[in-house]
Amino acid sequence: MSSHPFAALTPDTVLDAVESLGYLSDARILTLNSYENRVFQVGIEDAQPLIAKFYRPGRWSDESIIEEHTFSLELAERDIPVIAPQQIDGKTLFEHAGFRFSLFRRFGGHAPELDDPDHLLMLGRLLGRLHAVGAMHPFAHRPTLDWQSFGRDSLDFLRASEVVPASLQPAYFSVAEDLLQVVKQRLDAHPAKQIRLHGDLHVGNLLWRDDSLYMVDLDDCRMGPAVQDLWMMLSGERNQRQAQLAELVDGYNEFHDFNPAELALIEPLRSLRLVHYSAWLARRWDDPAFPMHFPWFAQERYWADQILTLREQRAALDEPALRLF
């Protein structure tokens with residue numbers, strides 16, 4: 001466990017990295033909630049603390065990270081409320097002691113209330129503005145959200161890693177294979193325009209502050225259909241999701257035209273995320289932070305619940321898509 005690359009990211013290494021860019025720390029350091037990367041609040045002498053983000057070694061190329069930063073800065077330049085990395089001498093990505101890192105200003109806030117129609121309308125406007133910029137040109141180095149990488153590759157990894165308990169493997173892989181087969185049919189039947197997206201927009205990546213919404217953490221930005229950034233905002237019974245969708249799209253259409261045909265992709269995309277999430281945990285299990293924070297992943301109960309969840313999701317694929325009225 002100690003051989004994991006992040007084991008070498010000691011507090012002294014974090015402070016030295018920040019100070020290598022000309023800052024003087026006050027030696028106060030606070031570890032923030034992050035699993036894919038490592039994120040710290042670092043105190044600065046006679047100034048506001050900075051947020052230092054250290055990227056997981058081997059995950060992204062330098063070109064991919066810089067393209068994410070460029071997208072964030074492109075949005076910020078158009079006054080779209082995102083938290084972009086700081087530029088120092090024209091650079092946003094730095095290296096120290098074998099770790100790549102970036103600095104961000106500290107920015108507090110709290111989660112929006114997605115049961116509030118006004119918050120949903122504002123979120124729709126924010127997403128419309130984001131996608132209007134995202135549709136201008138494609139990424140060159142970032143990946144695409146597709147069936148192969150999120151579905152087929154994820155399930156193949158779970159099978160090869162043998163993380164699914166032997167007694168549950170037949171049931172899990174049977175329902176997962178059936179689910180992915182139907183998902184592929186639906187995706188093939190409803191091709192969508194691919195644009196630059198946030199890619200992982202859930203409530204944890206939104207901040208409400210000063211009567212405004214802000215987006216954070218574009219670490220998973222990629223090419224994909226616009227609806228990917230909308231569907232995770234929907235919850236509850238069908239009539240509730242229908243009402244939430246109406247508010248989101250009303251705001252969205254003020255800045256960018258939403259294609260209603262993409263509503264047929266909501267349940268296929270949800271299906272891919274379910275399989276991909278389990279594979280993500282399995283891929284990261286050698287990182288000591290994951291067994292510590294996700295102990296239930298190694299328990300048989302998790303996989304039994306997943307079988308039930310995938311069966312329910314398979315049924316959801318046969319239900320009529322949400323509609324705009």
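**View 1. What kinds of residues line the largest pocket of this predicted model?** The lining is a real mix, with 17 nonpolar, 13 polar and 15 charged residues. The pocket they surround has a volume of about 1700 Å³. Of its 45 lining residues, the ones closest to the centre are Ser34, Asp200, His202, Asn205 and Asp217, so look for these five when you zoom in. Several elements pitch in: β2, β3, α2, β5, α4 (147-161) and α7 each supply at least two residues of the lining. Helix α7 gives the largest share, with 5 residues.

**View 2. The second largest pocket has a volume of about 250 Å³.** Here 17 residues make up the lining, and Phe6, Leu9, Thr31, Arg38 and Phe40 sit closest to the centre. Two or more residues come from each of α1 (11-19), β1 (25-31) and β2. Which element gives the largest share of this lining? That's β2, with 3 residues. Sorted by class, the lining has 11 nonpolar, 4 polar and 2 charged residues.

**View 3. Strand β2 (residues 38-44) pairs with β1 and also with β3.** On one side, β1 and β2 run antiparallel and are joined by 4 bridges. You can spot Ile29 standing opposite Val42 of β2, and a hairpin of 6 residues links the two strands. With β3, strand β2 pairs over 6 bridges, again in the antiparallel sense. Arg38 stands opposite Phe54 of β3 in this pairing. The β2-β3 hairpin has 2 residues between its strands, and Asp46 in the turn has a positive phi of about 55 degrees.

**View 4. Which residues of β2 point one way, and which the other?** In a regular strand, side chains alternate between the two faces of the sheet. In β2, Arg38, Phe40, Val42 and Ile44 point one way, while Val39, Gln41 and Gly43 point the other. Both sets are covered up: 7 of the 7 residues in the strand are buried. Now pick out Gln41: is this residue buried or exposed? Its relative accessible area is 19%, and the cut-off for buried is under 20%, so Gln41 counts as buried. Leaving aside neighbours within four places in sequence, Gln41 is in contact with Arg28, Ile29, Leu30, Leu32, Pro49, Leu50, Ile51 and Arg106.

**View 5. Helix α2 (residues 62-77) is as long as you'd expect from its residue count.** At 1.5 Å a residue, its 16 residues should span 22 Å, and the end C-alpha atoms are indeed 22 Å apart. Ten names are worth finding here: Ser64, Ile65, Glu67, Glu68, His69, Phe71, Ser72, Leu73, Glu74 and Leu75 are buried. What covers them? The cover includes β3 (47-54), β5 (99-105), α3 (117-134) and β6 (195-197). Just after the helix comes Asp79, with a positive phi near 60 degrees.

**View 6. The largest cavity has a volume of about 40 Å³.** Rolling a probe the size of a water molecule over the atoms shows where empty space is left. How many cavities of 30 Å³ or more turn up in this model? The count is 1. Its lining is made by Leu145, Phe150, Gln228, Trp231, Leu269, Leu272 and Arg273. By class, that's 5 nonpolar, 1 polar and 1 charged. Helix α7 (residues 266-283) provides the largest share, 3 residues.

Methods. Residues numbered from 1 in each chain as written. Predicted model: local features only at pLDDT ≥ 70, side-chain atom pairs only at ≥ 80, totals over all residues. Heavy atoms only, no water. 1 Å grid on protein atoms, 1.4 Å probe; cavity = no way out; pocket = protein on both sides within 12 Å on 5 of 7 lines; lining within 4 Å. Points joined across faces, edges and corners; volume = space filled by probe spheres on them. Nonpolar A, V, L, I, M, F, W, Y, C, P; charged D, E, K, R; others polar. Buried < 20%, exposed > 50% of the residue type's maximum accessible area, 1.4 Å probe, protein only. Contact = heavy atoms within 4.5 Å. Expected span 1.5 Å × (residues − 1). Pairing = 2+ DSSP bridges.
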